[in-house]
Amino acid sequence: MASSHAVLMRLVASAYSIAQKAGMIVRRVLAEGDLGIVEKTCATDLQTKADRLAQMSICSSLARKFPKLTIIGEEDLPSEDVDQELIEDGQWEEILKQPCPSQYSAIKEEDLVVWVDPLDGTKEYTEGLLDNVTVLIGIAYEGKAIAGVINQPYYNYQAGPDAVLGRTIWGILGLGAFGFQLKEAPAGKHIVTTTRSHSNKLVTDCIAAMNPDAVLPVGGAGNKIIHLIEGKASAYVFASPGCKKWDTCAPEVILHAVGGKLTDIHGNGLCYNKEVKHMNSAGVLATLRNYDYYASRVPESVKNALVP
């Protein structure tokens, strides 16, 4: 009986399958060729048909199975009947075989907040930079990100026409993170990953102060955290207010579950309760190792400009 499993484990097992379905939707929309692009606030803030359909799929699938959840999605969509083909009611059985960390075993459905970014890296998606794209489902309890799922719809897409596309990474604090090979960036190298399409003077000043050996501008918060856990970068630095809670909730869990750290630019942890403002107005600083090195180099001028 599924009901014998803790709510959190059932939710993560469902979110895994739901994220895979969303990844398939993202691939299908691109293959069909009509992206249905809409500008939201500016030319770098885009929404596509894939964003809309993937969010409908994720939020409706979760709400049907867990009606007492609070679900906060990036896209502002009208409430309407959702096509049955968008609903995913499967669950990843491998997750249900894992023990629920004891501190979360008695959590009730109504205590959880789910933050959804149906397509992180939309601008890159429209430009064909497909390895930047992720689907993010983050789960928070008492304001803290405790579980997360990241689907990469186009993982492996450069490996040729016969490659199997996509992978799903998941994690729970106190249990670990799975679906990837943890690797550290080269020792002694300061490789900073940062925004590709939302840079400004604060961002560049902050990165310069880190004295980096290399800077990797890429799209998507999910993608940047994957850079950290796979050893491509040693820090993710974004000294600007552009990032939102649905961008960071799931990736933060994956990073924290393997011993990394994600904060705002002042070193404060991020809060994910349902009343919190959506914008991470004091930016993001994240590392797998050596957090203190990067945190100590953030200029006071940058801190003063970014109010939590």
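How many residues does helix H7 have, and what span does it reach from its first C-alpha to its last? In this predicted model, H7 covers residues 245-257 and has 13 residues. The helix reaches 18 Å between its terminal C-alpha atoms. That is close to the 18 Å expected at 1.5 Å a residue. H7 nevertheless contains a kink of about 25 degrees. The kink is centred on Pro 251, which is itself one of the buried residues of the helix.

Burial in H7 is extensive: eleven of the 13 residues are buried. They are Lys 245, Trp 246, Asp 247, Thr 248, Cys 249, Ala 250, Pro 251, Glu 252, Val 253, Ile 254 and Leu 255. The list includes Lys 245, Asp 247 and Glu 252. Gly 259 follows the helix. Its phi is positive, near 90 degrees.

Strand S6 spans residues 144-152 and is also mostly covered. Eight of its nine residues are buried. S6 pairs with strand S5 and with strand S7. S5 comprises residues 134-141 and runs antiparallel to S6, with seven bridges joining the two. Within this pairing, Ala 140 has Ala 145 of S6 as its bridge partner. The two strands form a hairpin with two residues between them. In the turn, Glu 142 has a positive phi of about 50 degrees.

The pairing with S7, residues 167-172, is likewise antiparallel. Six bridges join S6 to S7. Here Asn 151 stands opposite Thr 168 of S7.

Conventions
Residues numbered from 1 in each chain as written. Predicted model: local features only at pLDDT ≥ 70, side-chain atom pairs only at ≥ 80, totals over all residues. Heavy atoms only, no water. Helix = DSSP H or I, 4+ residues; strand = E, 2+ residues; numbered from the N terminus. Expected span 1.5 Å × (residues − 1). Bend = angle between axes of the 7 residues up to and from the residue. Buried < 20%, exposed > 50% of the residue type's maximum accessible area, 1.4 Å probe, protein only. Pairing = 2+ DSSP bridges.
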